[in-house]
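User: I would like to understand how the descriptive labels used for a protein model are arrived at. Could you take me through the reasoning behind them?

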Amino acid sequence: MAPKTPFEHFEEIALRYETTMGGISRELSRHIIRGQGGASISSDSVVLDNACGPAIVTEEILFALPASNSPPTIHAVDISPAMIGAARSKSALAAHADRIHLAVMPAEKLTFPDATFSHSITNLGIFFFADAAQGAREIFRTLQPGGVAFLTVFAAFPHLELVRRAQAAIRPDEPPFSIPVDPAWFETAHIKGVLRVAGFEDVTIGDTVGHYGAPSAAGVSDRLLLLFGVVFESWSAEEKEAFEKELRRIVPESLETFQRGVGIAGEVEEVGIPMRTYVIIARK
């Protein structure tokens, strides 16, 4: 069986994206919007939520604004019709349909005019693009002079390493499972190079630690099994059972406790795999 493309994968998981991703997409969105990322978005901003998935960045912008403020104009776009369908089902977005616009659109071929956006946010997206260089050029083209782009990129895949360890315990002679992401993205020089070729001269790369998490260790294992189920799709029932048992055995040793932001102001305690993530700020 041929491995799924990123498009096929995200089409399949659209309705359970946030759970499948262990909540890390929202955690990083909050970091950009209201944390040290410092996006400074106001009602006058014009924002691109690029490769938006189910529009989590857009939701977090709404949560962060004072209730009395009108939201900025936001265009949330994704190549996946299923992701945009999931975004359309969210009542918080539908309540601001005059300001929030959702569209199926590939990041490499944005249909917006030059210099449209004051802010462009690509959260956990660019390293999955079919043509990242072209996607970066589109981010630059559609950004206003003086505008700012925020991007997040994983610095490593520790959650995948756990799955590979469990795989090796059951099928030691099988090649380690891989996902279609160029390891060059783990290097800051590559990220800067892609953005500078696209036109950005002012590129700053910091980092933060997000979490692939759940309320419990069992929940983290459940989510990993959902995310990486393709690893064992063709295995026997006995092998699948052994894989799951091994993964559940090794996951707890990689977890730490953290506070997960929820909704407008709440927090809950969860456990998660620390995921070091680059936070890139590129100014035009």
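Analyst: This is a predicted model, and a place to begin is His75, which touches Val47, Leu48, Asp49, His101, Phe112 and Phe117 once residues up to four places away in sequence are left out of the count. His75 is found in strand β2, which covers residues 73-78. From His75 to Thr208 the C-alpha to C-alpha separation is 26 Å, with their positions 133 residues apart in sequence.

User: What makes Asn50 count as buried?

Analyst: The cut-off for buried is under 20% relative accessible area, and Asn50 has 1% relative accessibility, so it counts as buried. Asn50 has its place in strand β1, residues 46-50, and, leaving aside neighbours within four places in sequence, Asn50 is in contact with Val77, Ala107, Leu110, Ile121, Thr122, Asn123, Phe129 and Ile139.

User: Why is Ala51 called partly exposed?

Analyst: Partly exposed lies between the two limits, under 20% for buried and over 50% for exposed; Ala51 has a relative accessible area of 23%, and therefore it is partly exposed. Ala51 sits in the loop between β1 and α4 (56-64), and its phi is positive, at about 50 degrees, although Ala51 is not a glycine.

User: Leu124 also has a positive phi although it is not a glycine; is Leu124 buried or exposed, and how do you know?

Analyst: The phi of Leu124 is about 55 degrees, and this residue is found in the loop between β4 (117-123) and α7 (132-142). Its relative accessible area is 6%, and because buried means under 20%, Leu124 is buried.

User: What makes Leu227 buried?

Analyst: Leu227 has 11% relative accessibility, which falls under the 20% limit, so Leu227 counts as buried. Leu227 has its place in helix α10, and its C-alpha atom is separated by 13 Å from that of Gly213, 14 residues apart along the chain.

User: Why is α8 called oblique to α11?

Analyst: Two packed helices are described by the angle between their axes and the distance between the axes. The axes of helix α8 (residues 158-170) and helix α11 (residues 237-250) come within 9 Å and cross at roughly 135 degrees. That angle is neither over 145, as roughly antiparallel would require, nor within 65 to 115, the range for roughly perpendicular, and therefore α8 is oblique to α11. Their crossing is right-handed. The residues that meet include Leu162, Val163 and Ile170 in α8, and Ala242, Phe243 and Leu247 in α11; by class, the contact has 9 nonpolar, 1 polar and 3 charged residues.

User: And what makes α10 oblique to α11?

Analyst: Helix α10 (residues 217-227) packs with α11 at an angle of about 135 degrees, their axes being 9 Å apart. Since this angle lies between the limits of 115 and 145, α10 is oblique to α11. The contact is made by Ala218, Ser221, Asp222, Leu224 and Leu225 of α10 with Phe243, Glu244, Leu247 and Arg248 of α11, and these residues divide into 5 nonpolar, 1 polar and 3 charged.

User: Which residues touch the most other members of the largest nonpolar core?

Analyst: Of the 61 residues in that core, they are Trp185, Leu195, Val220, Phe243 and Leu247. Strand β8 (residues 266-283) gives the most to this core, with 6 residues. Apart from it lies another core, of 20 residues, including Ile33 and Cys52.

Note on methods: Residues numbered from 1 in each chain as written. Predicted model: local features only at pLDDT ≥ 70, side-chain atom pairs only at ≥ 80, totals over all residues. Heavy atoms only, no water. Axes fitted to C-alpha atoms, helices over the stretch in contact; angles between N-to-C directions. Helix = DSSP H or I, 4+ residues; strand = E, 2+ residues; numbered from the N terminus. Parallel < 35°, antiparallel > 145°, perpendicular 65-115°, else oblique. Left-handed = near helix turned anticlockwise from the far one by under 90°. Contact = heavy atoms within 4.5 Å. Nonpolar A, V, L, I, M, F, W, Y, C, P; charged D, E, K, R; others polar. Core = buried A, V, L, I, M, F, W, Y, C linked by side-chain atoms within 4.5 Å. Buried < 20%, exposed > 50% of the residue type's maximum accessible area, 1.4 Å probe, protein only.
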